[in-house]
Amino acid sequence: MMQLEMDFTAPYQAHSGTSREAASAIKGKSARLREQVLNELRKHPATDEELATVLRLSGNTARPRRVELVEIGIVEDSGLRRKTASGRNAVVWRVKESA
């Protein structure tokens, strides 16, 4: 799983000191969090909201880790949609068959 240990630079808002601090704080934890998200998606496809709930992470932590997994080609849109708690449609993410 070498790809999961890649050092992603966490995005942040340049105008926000707290955003920059949060990006710096997540740096050492992101590989472990990506692994948690990937392991959950291996069990079953899920929306970002479902991932955050099951893993007990904030959406602002879980979602970027899932995005990173999409960017490195391990996770993809399943084509399915499920309703969020607010009633909106959300993408159901899955691990690619080749991963």
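Entry 1, a cut-off before anything else. I take buried to mean under 20% relative accessible area, exposed to mean over 50%, and partly exposed to cover what lies in between. I also note at the outset that this is a predicted model.

Entry 2, Thr84. I looked up Thr84 first and found this residue in the loop between strand 1 and strand 2. Its relative accessibility is 18%, and because buried means under 20%, Thr84 counts as buried. Leaving aside residues up to four places away in sequence, I see that Thr84 touches Glu49 and Ala90.

Entry 3, the strands around that loop. I followed strand 1, residues 75–83, and strand 2, residues 89–95, and found that the two pair in the antiparallel sense over 6 bridges. Arg82 stands opposite Ala90 of strand 2, and Ala90 is also one of the residues that Thr84 touches. The hairpin has 5 residues between its strands, and there I noted Gly87, which takes a positive phi near 90°.

Entry 4, helix 2 against helix 4. How do the axes of helix 2 and helix 4 cross? I find that helix 2, residues 30–43, and helix 4, residues 59–71, have axes that come within 9 Å and cross at roughly 80°. Angles of 65 to 115 degrees count as roughly perpendicular, and therefore helix 2 is roughly perpendicular to helix 4. On the helix 2 side of the contact I list Ser30, Leu33, Arg34, Val37, Leu38 and Leu41, which meet Thr61, Ala62, Arg65, Arg66, Glu68 and Leu69 of helix 4. Sorted by kind, the residues of this contact come to 6 nonpolar, 2 polar and 4 charged.

Entry 5, the buried side of helix 3. Which residues of helix 3 are buried? In helix 3, which spans residues 48–55, I find that Asp48, Leu51, Ala52 and Leu55 are buried. They cover an arc of only 95° around the axis, so they are on the same side of helix 3. I then asked what covers these buried residues, and the elements that do so include helix 2, helix 4 and strand 2.

Entry 6, Leu51. I looked more carefully at Leu51, which lies in helix 3 and counts as buried because its relative accessibility is 0%. Not counting residues up to four places away in sequence, Leu51 touches Val37, Glu40, Leu41, Ala46 and Arg66. Among these, I recognise Val37, Leu41 and Arg66 from the contact of helix 2 with helix 4.

Entry 7, Gln36. Gln36 has its place in helix 2, and I read its relative accessibility as 29%, so Gln36 counts as partly exposed. With residues up to four places away in sequence set aside, Gln36 touches Leu55 and Leu57, and I note that Leu55 is one of the buried residues of helix 3. From C-alpha to C-alpha, Gln36 and Leu51 are 9.4 Å apart in space and 15 residues apart in sequence. The C-alpha atoms of Gln36 and Arg65 are separated by 9.2 Å, and these two residues are 29 residues apart along the chain.

Entry 8, Arg56. Is Arg56 buried or exposed? At 77% relative accessibility, Arg56 counts as exposed. I find Arg56 just after helix 3, in the loop between helix 3 and helix 4. Its phi is near 55°, which I write down as a positive value in a residue other than glycine.

Methods. Residues are numbered from 1 along each chain as its sequence is written. This is a predicted model: local features need pLDDT of at least 70, side-chain atom pairs count only at pLDDT 80 or more; totals for chains, interfaces and linings use all residues. Side-chain values use heavy atoms; hydrogens and water are left out. Axes are lines fitted to C-alpha atoms, for helices over the stretch in contact, and angles run from 0 to 180 degrees between N-to-C directions. Angles under 35 degrees count as roughly parallel, over 145 as roughly antiparallel, 65 to 115 as roughly perpendicular and the rest as oblique. Contact means heavy atoms within 4.5 Å. Ala, Val, Leu, Ile, Met, Phe, Trp, Tyr, Cys and Pro count as nonpolar, Asp, Glu, Lys and Arg as charged, and the others, Gly among them, as polar. Buried means under 20% relative accessible area, exposed over 50%, partly exposed in between (1.4 Å probe, protein chains only). The arc is that of the directions from the helix axis to the C-beta atoms. Two strands pair if DSSP finds at least two bridges between them.
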